[in-house]
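Please examine the strands, the helices around them and the cysteines in the structure shown here. The explanation below takes these in turn.

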Amino acid sequence: MKIQEVLSYIEQLAPRHYAEDFDNTGLLTGDSNTEIKGVLVTLDCLENVVDEAISKNCNLIVAFHPIIFSGLKNLKPDNYVKRAVVKAIKNDIAIYATHTALDNAKYGVSYRMAEELGLKNIKTLIPQRGFIKKLVTYIPKSHFEMVKEELFKVGAGKLGNYEESSFSINGTGTFLGNEKSNPMIGEKGKRSTIEETMLSVTFLPHLESIVLKTLLKSHPYEEVAYEISTLNNQYDHIGMGAIGEFKEEMSTNHFLNKTKNTFNSGVVRHTNSKNKKIKKVALLGGSGAFGIKNAIQSGADAYITADLKYHDFFQGESILLCDVGHYESEQFTKNLLHEYLSKKFSNFAILCADAQTNPVNYY
């Protein structure tokens with residue numbers, strides 16, 4: 001089996017199209033056509049993780065954070081980034097990073113945080129806008145059902161909990177082919193009037209290539225008329241953060257103890273509790289100060305994230321803000337990816353890295 005087969009399966013969970021523009025997700029080192037020996041899953045790919053991969057005969061490291069984030073001007077092993085990269089290249093080890101693609105995935109980082117905390121009715125905190133694509137095309141009635149079924153097979157018409165969704169209108173199309181044309185219906189040089197059905201289907205952006213390829217392959221016309229547009233609709237199944245509820249409300253002290261124990265935090269920095277009762281909780285793995293306003297607008301009693309600055313805490317007048325630490329908020333990502341891959345692949349080792357990568361210590 002090739003490494004690419006594993007990467008393709010990861011991208012079913014977290015397509016690279018979900019990643020933020022600033023990010024550097026995907027295959028960072030190695031050849032995806034190499035035969036896979038084993039997979040090591042980690043949060044960060046440091047030199048000690050590469051050493052562990054070598055010792056355990058794993059030639060693919062699946063990391064959450066990309067070890068290469070900004071440009072490298074040379075590969076002299078003079079810092080922690082280049083040492084890891086150089087060692088991986090020397091030992092033919094591929095490194096793949098998911099990062100914000102998994103942040104934005106419905107069952108990604110923040111969703112897993114919410115599950116670990118014991119929340120129910122989990123939803124996306126900051127849904128994506130301008131994400132959904134729409135295809136409109138025109139098909140002769142004789143081929144309409146066949147083309148529609150082929151598009152459904154590759155994921156067109158599937159959004160959220162529904163699939164095979166479409167809209168159609170019957171109408172009349174005209175065309176006139178020149179002498180070089182080869183029309184399936186009618187004659188070249190003469191204007192043809194054909195009964196056609198307009199088909200409209202939505203799809204997610206990572207499917208655009210296969211949807212278009214399928215349309216052109218299954219459509220009977222020599223020249224296929226179609227439109228692809230991007231909708232400004234909010235899509236609740238993709239986006240940053242998560243929000244859910246406890247079955248029963250709890251005191252602030254109980255909630256803070258539960259949070260500290262769940263995330264195994266050395267310390268939880270938080271705003272003044274004011275003896276709030278906590279039931280509805282928002283979460284965002286990693287640096288989540290930008291989500292404070294969304295957590296407040298959603299009616300959350302508390303917001304768990306990381307990397308809050310001094311002045312960020314002043315926004316916590318109506319909500320309990322909790323900073324559990326960057327590593328701590330994202331630590332379950334390793335388990336998430338390991339479990340996901342283990343369910344699919346059983347003919348080679350898929351291991352969670354033992355190497356410690358958290359750069360922060362508490363005294």
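In this predicted model, Leu 27 stands opposite Tyr 96 in strand E4. The pairing to which this belongs joins E1 and E4 in the antiparallel sense, over three bridges. Tyr 96 also has Val 62 opposite it, and here E3 and E4 pair in the parallel sense over four bridges. Between these two strands the chain passes from E3 through helix H3 (residues 80-90) to E4, a β-α-β crossover that is right-handed.

In a regular strand, side chains alternate between the two faces of the sheet. In E4, Ala 94 and Tyr 96 point one way while Ile 95 and Ala 97 point the other way, and all are buried.

Strand E2 (residues 38-42) is largely enclosed by the rest of the structure, because five of its five residues are buried. Its two faces are both covered, with Gly 38, Leu 40 and Thr 42 buried on one side and Val 39 and Val 41 buried on the other. E2 runs parallel to E3, and four bridges join them; within this pairing, Leu 60 in E3 is the bridge partner of Val 39. Together with helix H2 (residues 47-55), E2 and E3 make a right-handed β-α-β unit. E2 also pairs in the parallel sense with strand E15 (residues 349-352), again over four bridges, and there Val 41 stands opposite Cys 352.

Helix H1 (residues 3-13) has as its buried residues Ile 3, Val 6, Leu 7, Tyr 9, Ile 10 and Leu 13. These cover an arc of only 160 degrees around the axis, so they lie on the same side of H1. An α-helix has 3.6 residues a turn, and therefore residues three or four places apart point the same way. The cover over the buried residues of H1 includes strands E1 (26-29), E3 (60-63) and E4 (94-97), as well as helices H4 (100-104) and H11 (333-344).

The cysteines remain to be considered. How many disulfides does a search of the whole structure find? The search finds zero. For Cys 45, the closest cysteine sulfur is that of Cys 58, and because the two are 12 Å apart, they are too far for a bond. Cys 58 is likewise in no disulfide, its nearest cysteine sulfur being that of Cys 352, 11 Å away. Cys 45 counts as buried, at 2% relative accessibility, and Cys 58 is buried with a relative accessible area of 2%.

Key. Residues numbered from 1 in each chain as written. Predicted model: local features only at pLDDT ≥ 70, side-chain atom pairs only at ≥ 80, totals over all residues. Heavy atoms only, no water. Buried < 20%, exposed > 50% of the residue type's maximum accessible area, 1.4 Å probe, protein only. Arc of directions from axis to C-beta. Contact = heavy atoms within 4.5 Å. Disulfide = S-S within 2.5 Å. Pairing = 2+ DSSP bridges. Right-handed = clockwise from strand over helix to strand, strands pointing away.
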